[in-house]
Amino acid sequence: MSLRLTILGCHSATPRVNAFPTSQYLEINDRHFIIDCGEGTQRQMRKYKVGFSKINHIFISHLHGDHFYGLVGLLSTFGILNREKELHVFGPKGIKEATEMLLKISQSHSKFELIFHELASKKSELIFEDDKVYVHTIPLNHRVYTNGYLFKEKEKLKKLHIQKIENYSIDKADFLNIKAGRDVVLESGEIIPNDELTLVPEKPKIFAYCSDTSFFPSIIPIIEGADLLYHEATFLSDKEDLAEKTLHSTAAQAATIAKQANVKNLVLGHYSGRYKDIQLFKNEAEIIFKNTSLAEPGIIFEV
């Protein structure tokens with residue numbers, strides 16, 4: 001699997017005995033990301049065996065405590081573990097000042113370089129790219145400046161069709177050119193079409209993370225066709241008026257976004273503590289969008 005999402009925390013507001021604020025660990029195309037960092041994130045990372053040394057990028061959606069208050073603790077622990085690799089933190093403008101102030105006051109010194117990428121645009125933008133993945137922002141509508149994030153694999157090279165290649169005298173030195181899409185010219189001058197020698201690569205995987213937001217159809221073109229969508233569902237439809245007031249979403253509204261965006265799978269989370277049975281969220285959403293799952297700590301989604 002080239003996309004694997006581990007839920008570390010998925011509840012709203014404050015930590016409770018069996019409820020952990022929002023945080024996720026994403027593995028995509030051999031890259032490792034933490035998305036949001038509510039209180040207790042590092043505890044959950046240990047519990048679910050997320051390697052601290054694998055994390056080089058952290059993405060914070062907004063500066064409400066249940067998405068952010070675990071960051072300083074995690075950074076402090078990185079220092080205690082004698083981390084030396086640089087660490088990149090993406091988040092709203094103000095995250096650098098707030099984090100550095102707390103680290104300074106607590107004298108949490110570290111050897112590693114901490115690099116902040118502060119966001120302020122209200123339009124979707126490319127904020128990270130390497131040879132494996134792209135990351136774009138998903139502007140959301142909440143009480144404070146908030147972004148979701150779209151993680152997309154880059155196009156992969158074609159796969160070699162070894163059985164077909166063995167029918168010809170093709171040197172292994174040509175394999176990279178074949179995977180890159182080039183035809184092969186044999187010594188005889190015969191041209192072997194690339195399509196005959198390769199298999200179509202797997203379509204790039206896409207994960208869309210939509211944290212706290214009201215029902216916001218403007219995101220649909222950005223998340224269109226995602227393999228996996230996480231969308232907050234703080235309330236059920238019985239509290240739609242409260243969702244509108246607080247700029248959150250209901251399970252039905254999250255399902256509507258998933259359906260209209262033609263995503264393949266929907267994961268709900270950020271449940272209000274008002275509800276004792278989270279199965280109710282799945283029941284409500286499935287009426288609109290069948291492929292709905294519930295986020296719970298420790299659950300892993302693979303596509």
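The largest nonpolar core of this predicted model comprises 56 residues, a nonpolar core being a set of buried Ala, Val, Leu, Ile, Met, Phe, Trp, Tyr and Cys residues joined through side-chain atoms within 4.5 Å. Buried here denotes under 20% relative accessible area, exposed over 50%, and partly exposed the range in between, as computed with a 1.4 Å probe on protein chains only. The residues with the most contacts inside this core are Phe151, Phe207, Ile223, Leu268 and Phe281. Of these, Leu268 touches residues that include Tyr230, His231, Ala251, Ala254, Phe281, Ala285 and Leu294, when residues up to four places away in sequence are not counted; contact is defined by heavy atoms within 4.5 Å. A second, separate core holds 22 residues, among them Phe78, Leu103, Phe112 and Phe116. In soluble globular proteins, nonpolar side chains tend to be buried together.

Residues are numbered from 1 along each chain as its sequence is written, and side-chain values use heavy atoms, with hydrogens and water left out. Because the model is predicted, local features need pLDDT of at least 70 and side-chain atom pairs count only at pLDDT 80 or more, whereas totals for chains, interfaces and linings use all residues.

Helix α2 (residues 71-80) is mostly covered, with 7 of its 10 residues buried; helices (H or I, at least four residues) and strands (E, at least two) are DSSP runs numbered from the N terminus. The buried residues of α2 are Leu71, Val72, Leu74, Leu75, Thr77, Phe78 and Gly79, and Phe78 is also one of the residues of the second core. The elements that cover these buried residues include the strands β3 (31-37), β4 (57-59), β5 (87-92) and β6 (114-119), together with the helices α1 (41-47) and α3 (95-105). Asn82, which follows α2, has a positive phi near 60°.

Positive phi values also occur in two loops. Leu247, a residue other than glycine with phi near 60°, lies in the loop between α8 (240-246) and α9 (251-260), and at 22% relative accessibility Leu247 counts as partly exposed. Asn262, likewise not a glycine, has a phi of about 55° and is placed in the loop between α9 and β16 (266-269).

The structure holds 0 disulfides, a disulfide being a pair of cysteine sulfur atoms within 2.5 Å. The sulfur of Cys10 has its closest cysteine sulfur in Cys37, and at 15 Å the two are too far apart for a bond. Cys10 counts as buried at 1% relative accessibility, and Cys37 counts as buried at 0%.
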